[in-house]
Amino acid sequence: MQDVDLDALAQRVNEHQRKGLAMRKLTLEYPELTVEQAYRIQALAVERELAAGDRLIGWKMGLTSRAKQVSVGVDEPIYGRLLGAMELKTPILSVTGLVHPRVEPELALVLKGRLEGDSITPRDVWRATECVVPALEVIDSRYENFSFTLVDVVADNASSSRFYLGEQGFSPYHTQWDEVGVVVRKNGTVVQTGAGAAVLGHPVRSVVMLAQMLAREGLALEPGMVILTGGITEAVSVAPGDRLQVAFDGLATLELRVE
Ligand code: OOG
Ligand code: MG
C-alpha cells in the first residue's frame with residue numbers, strides 16, 4: 001500500500017473544484033488508491049467547503065443507469081454530497097467557473113423522515129419521502145477530457161457541480177416513477193430519451209442503495225435532505241447560448257438556459 005496524504009489530495013481536488021480547473025487523474029499518480037480512500041478524499045474536500053460556510057443539503061447517486069455507466073466506462077453506482085451553493089434557484093446555468101458541464105434528467109426525492117441502516121426497504125423510503133421532484137443535475141468532472149476511473153470520480157464528489165429542482169413536488173404515490181418517460185431537447189432537437197426504470201429498475205432502489213452505502217460509514221439521510229437518484233439518460237454537453245428543454249411525461253417540462 002502506498003503512503004498517501006489523503007488531506008493533501010482533498011485539498012488538491014477542492015481547489016480544482018473551486019476554480020473550475022481540469023486536473024490529471026489522481027490514479028495516474030496513486031494507482032493503488034482504494035474506493036474507501038476516495039470516499040475519504042471526497043468527505044475531506046467537502047469539509048473544506050463546510051468550514052468556509054456552505055451546508056450539506058443532500059446526496060446524489062450516480063452511475064445508476066446503464067446509459068451512464070457505459071458513457072463513462074465505470075459500471076458501479078457511486079454517491080456524492082450536495083451543498084447549498086450547488087443549487088440553482090432559477091433555471092439559468094452560468095458556465096463561468098465550470099470545466100465542461102453536462103446536464104442530466106433526474107428524479108429527486110425530498111425527505112421528511114430519517115433513513116438509517118442497511119436494512120432499509122422501498123417501503124421505508126416512501127414513508128420517509130415528502131415529495132418527488134423532476135430535476136436537472138449539472139455534472140462537471142474536474143478530470144481532463146471528462147475521463148476517470150471509479151476511484152477518481154468518487155474523490156471528485158461524483159462530478160457534482162450544480163442542480164436544479166422543478167418548482168412542483170409530487171406525492172410519492174402520484175404515479176409509477178419507473179414508467180415516467182423523459183425527452184431531452186437541446187435547441188429544439190431531441191438528443192436523449194429514457195424512462196425512470198433506467199435507474200436501477202426503479203428510482204426508489206437508488207435511495208435504498210444510498211442508505212446502505214452510507215450505513216457502512218455510519219451516516220444517515222436526514223429529514224429535509226434532497227436526494228438525486230441518478231441520470232435517466234446519458235448526460236448532454238452544454239455551452240453558452242444553449243437551451244435545454246426536458247419533458248418529464250405527465251409531470252413537468254424544465255427549461256434550462258445556459259449562459
Ligand atoms: C459521474 C456522475 C454520474 C449520474 O447521475 O449518473 C451521475 C459522471 O458521470 O461524471 O451524476
Ligand atoms: Mg447525476
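A residue counts as buried here if 20 or more other C-beta atoms lie within 10 Å of its own, and as exposed if there are 12 or fewer, with partly exposed in between. That yardstick comes up again and again below, starting with F146: this residue has 20 C-beta neighbours inside 10 Å, so F146 counts as buried. The structure in question is a predicted model.

As for confidence, the mean pLDDT of the protein chain is 97, and 99% of its residues reach 70 or more. The scores that go with the model are ipTM 0.99 and pTM 0.97.

On to the overall fold. The protein chain is built from seven helices and 12 strands. Its radius of gyration is 17 Å, close to the 18 Å from the globule rule for 259 residues, so the chain is as compact as a globular protein of that length. Laid out along its principal axes, the C-alpha trace spans about 50 × 45 × 35 Å. Of the 259 residues, 44% count as buried. Contacts reach a long way along the sequence: among those between residues at least 6 apart, 76% join residues at least 24 apart.

UniProt, in an unreviewed entry, lists residues 100-258 as "domain: Fumarylacetoacetase-like C-terminal". In the model this span is 16% helix and 36% strand, and its end C-alpha atoms lie 12 Å apart.

Next comes the ligand. The shell around ligand 1 holds 15 residues, of which G62, K68, S159, G230 and G231 come nearest. Sorted by class, this shell has five nonpolar, six polar and four charged residues. Elements that each supply at least two of the shell residues are β1 (56-62), α4 (66-72) and β5 (129-139).

Two spots in the backbone deserve a look. Most residues other than glycine have a negative phi. F146 goes the other way, with a positive phi of about 55 degrees although it is not a glycine. Its place is in the loop between β5 and α6 (150-155), and, as noted at the outset, F146 is buried. N187 also has a positive phi, near 50 degrees, and is likewise a residue other than glycine. This one sits in the loop between β7 (181-186) and β8 (189-195). What sets the surroundings of N187 apart from those of F146 is the neighbour count: N187 has 11 other C-beta atoms within 10 Å and is therefore exposed, whereas F146 has 20 and is buried.

A handful of individual residues help to fill in the picture, beginning towards the N terminus. L33 is found in the loop between α2 (26-29) and α3. Despite the loop setting, L33 is buried, because 23 other C-beta atoms lie within 10 Å. Setting aside residues up to four places away in sequence, L33 touches V4, L26, T27, A38 and V151. From L33 to V208, 175 residues along the chain, the C-alpha separation is 27 Å.

Helix α3 (residues 35-51) contains V46. V46 has 22 other C-beta atoms within 10 Å, so V46 is buried. Beyond its neighbours within four places in sequence, V46 is in contact with R81, L83 and N157. The C-alpha atoms of V46 and T129 are 25 Å apart, for a gap of 83 residues along the chain.

Among the strand residues, Y164 lies in β6 (residues 160-165). With 25 C-beta neighbours inside 10 Å, Y164 passes the cut-off of 20 and therefore counts as buried. Leaving out residues up to four places away, Y164 touches L88, P91, A135, L136, L254 and L256. Y164 and L93 are 71 residues apart along the chain, yet their C-alpha atoms are separated by 9.3 Å.

Finally, V258 belongs to strand β12 (residues 252-258). Here the count is 19 other C-beta atoms within 10 Å, which falls in between the cut-offs of 12 and 20, so V258 is partly exposed. V258 touches L93, V95, V238, A239, P240, G241 and D242, again not counting residues up to four places away in sequence. Measuring from C-alpha to C-alpha, V258 and P31 are 37 Å apart in space and 227 residues apart in sequence.

Conventions. Residues numbered from 1 in each chain as written. Chains lettered and ligands numbered in written order. Predicted model: local features only at pLDDT ≥ 70, side-chain atom pairs only at ≥ 80, totals over all residues. UniProt positions renumbered as here; feature names shortened; annotations may be inferred. Helix = DSSP H or I, 4+ residues; strand = E, 2+ residues; numbered from the N terminus. Near = placed C-beta within 6 Å. Nonpolar A, V, L, I, M, F, W, Y, C, P; charged D, E, K, R; others polar. pLDDT = per-residue confidence, 0-100. Rg over C-alpha atoms; globule rule 2.2 N^0.38 Å. Contact = placed C-beta atoms within 7 Å.
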